[in-house]
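Dear colleague,

I am handing over the structure below, which you have not worked with before. Please look through it first, and then read the notes that follow.

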Amino acid sequence: MSDRQQDLGPGKDLPLDSHLHTDLSPDSDVPIDVYAALAVERGIAELAITDHVDFDSRDPAYDYATFADRERSVRDAAARWAPRGVEIRFGVELTFNRAWEADLRAHLGRHHYDFVIGSVHDWPDSPYIPGRMGTWATGRPLGEVLQPYLAEVVAAAGSGLFDTIGHLDVVRRYLDPIFSSSEIFNAVELFEPALRAIVDSGTALEVNTSGYRRGGGEAYPGPPLVTRYRELGGERVTAGSDAHRKGQFAWALEAGYRVLAEAGFAELTFRRGGDRVVIELPERCAAAGPSVVSPNTGRIGSL
Ligand SMILES: [Zn+2]
Ligand SMILES: [Zn+2]
């Protein structure tokens, strides 16, 4: 198996997977100990468990698991697994929208996490809902179609609430097949206001390797956006597999690390509660070739 194919398989010997969902998220069925055991087996030194919390009562992770239950699950697992060499951090993935920013701020005022991802997903009244999307987007220019999503990303970064912005261009998933990923990457300037907001706020940019599992075959965000973030002065980056199933644990994480290395980053940023840390990328990622090949399209990933 070539290095590139290995990059797109199960991650091994890596310092951190900072985006994981357990069965305390409504869309995952993985007990926390399953991830921990895989981490021991594969040499993934540190995990952030980032179960979903939603703030719109129509969304699936609204009141799905209590803060106390989520915290107990992670802290107990951390104590069980630390002696075996895996550090487990208590994180969260909060769905951001300006409509519930005040609730979200209040939540973070009351509850303390080691690490907080802020993500924009589709939302109940958004144009990106399946069934509504095709009619709305067809015939509109790309900039107009991206705008409602990116306006929320700009606000999420500007809120200053998050350690990192999750899967920045996951809107590509909603737009497929009306707009292809390559069309979107050719219009990288449309993402600049969002990238600048992330840079200016000091929030990190996440490279989320779940994109390699889906049509489109690139990380979220794709390499051209990561490169532009760097060019705009971005310094902070994170990487996670966003696993919701056992087989997705740390999957393609090495490819995500490599996207970061190729854009010029040498380290991840992370927070362990009160401690902000940087974690160096493994030397083999920094020394990697210039590109990765997408499993779905066979295209060269780094443009
Ligand atoms: Zn997400
Ligand atoms: Zn997630």
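**Pockets and a zinc site**

Strand E9 is the element that gives the most to the lining of the second largest pocket, contributing 4 residues. Please keep in mind throughout that this is a predicted model.

The second largest pocket has a volume of about 440 Å³, and of the 25 residues that line it, those closest to its centre are Asp 163, Gly 202, Arg 236, Thr 269 and Arg 276. Two or more lining residues come from each of strand E5 (115-119), strand E9 (267-272) and strand E10 (275-280). Sorted by class, the lining of this second largest pocket holds 11 nonpolar, 7 polar and 7 charged residues.

The largest pocket encloses about 510 Å³ of space. It is lined by 22 residues, of which Asp 27, His 52, His 121, Arg 173 and His 244 are the closest to its centre, and the elements that supply two or more residues to this lining are strand E4 (87-95) and helix H7 (171-175). In the lining of the largest pocket, 6 residues are nonpolar, 7 are polar and 9 are charged.

Turning to the metal, which residues of the protein serve as donors of the zinc ion (ligand 2)? They are His 19 and His 21, each through NE2, together with Glu 93 through OE and Asp 242 through OD, and they lie 2.0 to 2.2 Å from the ion. Along the chain, these donors follow the spacing H-x1-H-x71-E-x148-D. The angles subtended by the 4 donor atoms around the zinc ion (ligand 2) run from 82 to 173°, and the arrangement is therefore irregular; to count as tetrahedral, four donors would need all angles between 85 and 135 degrees.

Glu 93 also bridges the zinc ion (ligand 2) and the zinc ion (ligand 1), and the two ions are 3.6 Å apart. Distant parts of the chain are linked by the pair His 21 and Asp 242, which are 221 residues apart: His 21 sits in the loop between strand E1 (14-20) and helix H2 (32-42), while Asp 242 sits in the loop between strand E8 (237-240) and helix H11 (253-262).

Are these two residues buried or exposed? His 21 has a relative accessible area of 0% and is therefore buried, and Asp 242, at 7% relative accessibility, also counts as buried, because the cut-off for that class is under 20%.

With best regards

Note on methods:
Residues numbered from 1 in each chain as written. Chains lettered and ligands numbered in written order. Predicted model: local features only at pLDDT ≥ 70, side-chain atom pairs only at ≥ 80, totals over all residues. Heavy atoms only, no water. Donors = N, O, S within 2.8 Å, 3.2 Å for Na, K, Ca; no water. Tetrahedral: all angles 85-135°; square planar, octahedral: opposite > 155°, others 65-115°. Buried < 20%, exposed > 50% of the residue type's maximum accessible area, 1.4 Å probe, protein only. 1 Å grid on protein atoms, 1.4 Å probe; cavity = no way out; pocket = protein on both sides within 12 Å on 5 of 7 lines; lining within 4 Å. Points joined across faces, edges and corners; volume = space filled by probe spheres on them. Nonpolar A, V, L, I, M, F, W, Y, C, P; charged D, E, K, R; others polar.
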